[in-house]
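Good morning, and thank you for making the time. I should like to take you through one structure, beginning with how the parts of a chain meet one another.

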Amino acid sequence: MTRELLQDKPPREPAPGKKWIRVTKVVNGIDSEVWEEVDDVQGPEWGPRDKLRLVSRAIPRVDGPEKVTGRAQFSHDVRLPGMLYAKVLRCPRPCAKVRLDLDAARRLKGVVGVVELGVDEVKWLGRPIAAVAAETPELAEDGLRAIVASYEDQPFAVTPARAQVDGAPLVNSKGNLRGLSRNTDTSEVDAALAKAEVKVKGTWRVPVQHHASLETHGIVVDYRGGDEATVYASTQGTFTIPGDAAGRLGLKPNQVTAVVEHMGGGFGSKFGIGIEGQAACLLAKETKRPVHLLFDRASEFHAAGNRSGGEHELEAGVSRAGELTAFKARVTRDGGISDGAGQPQPYIYAPKVAFAEQRCVHTNLDGHRAMRAPGHPQASFAMEGLMDEAAYAIGMDLVEFRKRNLPEGKRELYARQLDKCAELIGWAAHAHRSKWDASNAELKTGIGFGLARWGGGGGKDCRVEVRIASDGSVEVLSGTQDLGTGTRTYCASIVAEELGLELGQVRARIGRSTFGNANPSGGSTTAASLAPAVKHAAWNAKRALFDKLAELLGGEARNFACGGNLIYDATDKTRHIGWKDACAALGPNGLAAQGEWQSHLAANDIGGAQAAKVQVDTTTGEVKVLEMVAVQNCGLVLNELTARSQLNGGMVQALSYGLFEERVVDPDLGLFLNANFEDYKLAGCKDIPKMLAVFEDDPRGVIGMAEAAVIPGHSAIANAVRNACGVRVYEMPLTCDKILNGLIALKKA
Amino acid sequence: MSDVAGSHDDRPHARDGVLTRRSFFKGAGVVAAGGLVGEAVHAAAHSMSLEPVRLSGEVEIELSINGALQKLKVEPRTTLLNALRNHCNPPLTGAKLVCDRGSCGACTVHLDGQPVYSCMTLAVACVGRAVTTIEGLGAPGQLNEVQQAFCEHDASMCGFCTPGFVMSISACLERKPDATLDEIKHACAGNLCRCGTYPHVFDAALSAGRALRAKGGKR
């Protein structure tokens, strides 16, 4: 496979039978755009957009009626004969030696199984240490209370600050503060900074954010002895389940079927079965009864991963003409016991000279997990803030300054998107485009901007089957999982489109490991991996059907076409057959066709811009977001309605991140203080502004679009607050106290 | 933090002999107890030698659920939510267990027509009252106006919060089919959605209100 760094055009003409596609790859640890030469196979095409009947149109999701009537079955909802409910005991200390006596719990009436999760010394708060299965959830809680546990506290550090003081207890054997960059030579950037006409600097901080999926992590293990088990899992990866579960059940992976009918949100946190899932398997194996183990809410906060926090110390040089001449960053991410995802700097914008150092600091808390666009929202908050500070420092229009510092190859794209956002949010009529509003008004309005980038390309790990039965019914089968993005719906619509049927004639069956393999849903890779394979399977099914009909009706299969429940010879329209009759001709076996990923039906590389308009109450410090606008390209939009939901959802999550969300821990007591929905705030109905989501026309194939949507919204909001009242909040979330303190500081200055 | 021994939710739970559903005891080595607070026994953290004793038992109650009477065996501490999900036959799992303390609305059902958090309501307190769950509002093929509008406007993504939103909005529009956007936001201010479907939820609610008014206005 040949790869070349990205230029505007492919490096040369493709070899015979090959073609060039753009992909995002990690090259030397950096996300890079590259051209890749791949086989140019003849196959299905999406076709002209204006000719599409179902794909790309606004289609209500096919499983909507199940969801709105409570019939959709999530793993939480699985109820089986003789099923036990399991609960998990978690270590309430961040670092402790643990001793358990389970005898009393075992003797408790109604408790059927108890397992110890083999740890002598716990290194992070909330680690599971034992699990109890009982006849009801209430009895399982009793069982937990009957466990006699003793915790011998060890020194701990639960905040980055405490982890870095002299003599801090060692969380990681390699040190609590670890440099992750090989290049630490700052001489070039220091020289460029020294020569800068204007300098700006600041330290931006982001808190730890939680995925807070409404359906918590967990599985239901249906094992009643014997050599087969079914595992219902709330997961982003159907195929990440059987292998994990089989090991603990003493079965082979192919004796375990994973089922994921519906799942209640994951956002990057749900892969595999985890320690708790292993406990459920052990309990099922011990009791030979089905076991239902789902986290409670506090556990979800303590032990289901998070988006790492971070500190971004940024310094930039800028010319009075509006060019970023130098950029220096030191990024320290707060990943708990793990490293945390990279928070790339400089984020999107292209200074002439740039240097970034990445470090991580370890604490005795749960490690990070991937969360929707890992690392990008954190980086965006700091970089977009710096961009505004630089623009204010030289008195330049905030949009104009951004447009002057865009990366090579993306200038036209981002400039167009910024202009569109500016138009939709009313930038031209806004009075404060290059300075903030310094008036004494009580309610002040400001506007801010931010950019996003993501890959969203697909891969080869999907196998899809389309079945046509002799009664005319059609099924599309894949083991993939629907996280709420509308996967079932586009599977059905792609097949119906290809076969000339109505949406209701095709049933999509997904979420079962006995169906064809599918990639786990991470990094917005599902649609771009799966949709091409679905299209390919439908196309193959159609060709097989046409071959059969050509035998039956005469004519040549390649001249056949279908539409409106009819199959006909395009060269001789008298040769035609209705869909039902055609399928009856297949005989009792019907037909089945397979499909795999087709690179030409997918694409990669998303760009987006967002703008926010806020109102700041200078008496209370309250920020009210009035309006948000998102403009994004994303290749072929598979379903305009569900895509709009995702773009809105990205903006909502970013708003929530910017204004409300923050993990709070007590550094002395080592406790997580807000592991619930009263104190860990999520945006609710009354926080939602007017929202506008715009997809750009984009002739490319399918690209996953969800990650980019969540990246820049909170940055735009923070910038809008600064624009409204002059207060730069360097640390999220943007709470009233920070705004008021900022206003007081401004007054003093 | 109900999963972690020794750091339980610390809210008062034994006030004035009031029936509460939680009986949390602090400290390791705690003895199980549940149900009526009057009977609660506090166990000290050092009570390692105590044999566990359960002080509550099951009671048989009859509840009116979606228009039909159903006999259920529950404990006094069993929430209405757990009764619906774990004790009904067939199980009614449309109402979801998400926060288990009345802060997200995913468990919303109607009690005598009023939306309530079923995770904060004891099953035994619902005897003689009419419980309506999401399963009682409509079925696929027979959706009510709110459910229909939710489908058309794509007001669900993962769908876990959806039953709760549908219950809150249905109750609101039942009272006031011409509810304004602000009134709708107020009606579901107690419901959380993590996927961020709110804009489409509002569109759906306004559209359902129009459909209800077209059908015959205020009842």
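Let us begin inside chain B, where 15 residues of domain 2 are in contact with 13 residues of domain 3. Two residues are said to be in contact if their C-beta atoms, placed from the backbone, lie within 7 Å. On the domain 2 side of chain B, strand 3 (108-111), strand 4 (114-117) and helix 2 each supply at least two residues to this meeting with domain 3. Strand 3 of chain B gives the most, with three residues. By class, that side of domain 2 has eight nonpolar, six polar and one charged residues. Here Ala, Val, Leu, Ile, Met, Phe, Trp, Tyr, Cys and Pro count as nonpolar, Asp, Glu, Lys and Arg as charged, and the others, Gly among them, as polar. Helices (H or I, at least four residues) and strands (E, at least two) are DSSP runs, numbered from the N terminus.

A word on the source. This is a predicted model, in which local features need pLDDT of at least 70 and side-chain atom pairs count only at pLDDT 80 or more, while totals for chains, interfaces and linings use all residues. Residues are numbered from 1 along each chain as its sequence is written, and chains are lettered from A and ligands numbered from 1 in the order in which they are written.

The model scores ipTM 0.94 and pTM 0.91. For chain B the mean pLDDT, the predictor's confidence in each residue from 0 to 100, is 81, and 73% of the residues of chain B reach 70 or more. Over residues 1-49 of chain B, however, the pLDDT is below 50, although this stretch has 108 contacts in the model beyond near neighbours in sequence. Where pLDDT is low, the predicted coordinates should not be read in detail.

How is chain B divided? Its assignment gives domain 1 (1-56), domain 2 (59-137) and domain 3 (145-216), the bounds coming from an automatic or database domain assignment. The centres of domain 2 and domain 3 of chain B, taken over C-alpha atoms, are separated by 21 Å. Chain B has six helices and five strands, and along the sequence they follow the pattern β-β-α-β-β-β-α-α-α-α-α.

Within chain B, please look at helix 4 (residues 162-175) and helix 6 (residues 198-216), which pack at an angle of about 35° with their axes 11 Å apart. Axes are lines fitted to C-alpha atoms, for helices over the stretch in contact, and angles run from 0 to 180 degrees between N-to-C directions. Helix 4 of chain B contributes B:Phe165, B:Ile169 and B:Leu173 to the contact, while helix 6 of chain B contributes B:Val201, B:Ala205, B:Ala208, B:Gly209 and B:Leu212. These residues divide into seven nonpolar, one polar and no charged.

We come now to the meeting of the two chains. The contact takes 66 residues from chain B and 69 residues from chain A. On the chain B side, helix 1 (80-87), helix 2 (134-137), helix 3 (145-152), helix 4 and helix 6 each supply at least two residues. Helix 3 of chain B gives the most, with four residues. The residues of that side of chain B divide into 34 nonpolar, 20 polar and 12 charged.

In chain A, which part of helix 3 (residues 137-146) is buried? A residue is buried if 20 or more other C-beta atoms lie within 10 Å of its own, exposed if 12 or fewer, and partly exposed in between, with C-beta atoms placed from the backbone. In this helix 10 of the 10 residues are buried, so helix 3 of chain A is largely enclosed by the rest of the structure. Its buried residues pack against strand 4 (84-90), helix 2 (103-107), strand 6 (111-116) and strand 8 (128-134) of chain A, together with helix 1 of chain B.

I close with some backbone details. A:Gln345 and A:Pro346 are joined by a cis peptide bond, with omega about -5°, and A:Pro346 lies in the loop between strand 17 (324-334) and strand 18 (353-361) of chain A. A:Ser524 has phi near 55°, a positive value in a residue other than glycine; with 25 C-beta neighbours inside 10 Å, A:Ser524 counts as buried. B:Asn66 has phi near 50°, again positive in a residue other than glycine, and with 18 C-beta neighbours inside 10 Å, B:Asn66 counts as partly exposed.
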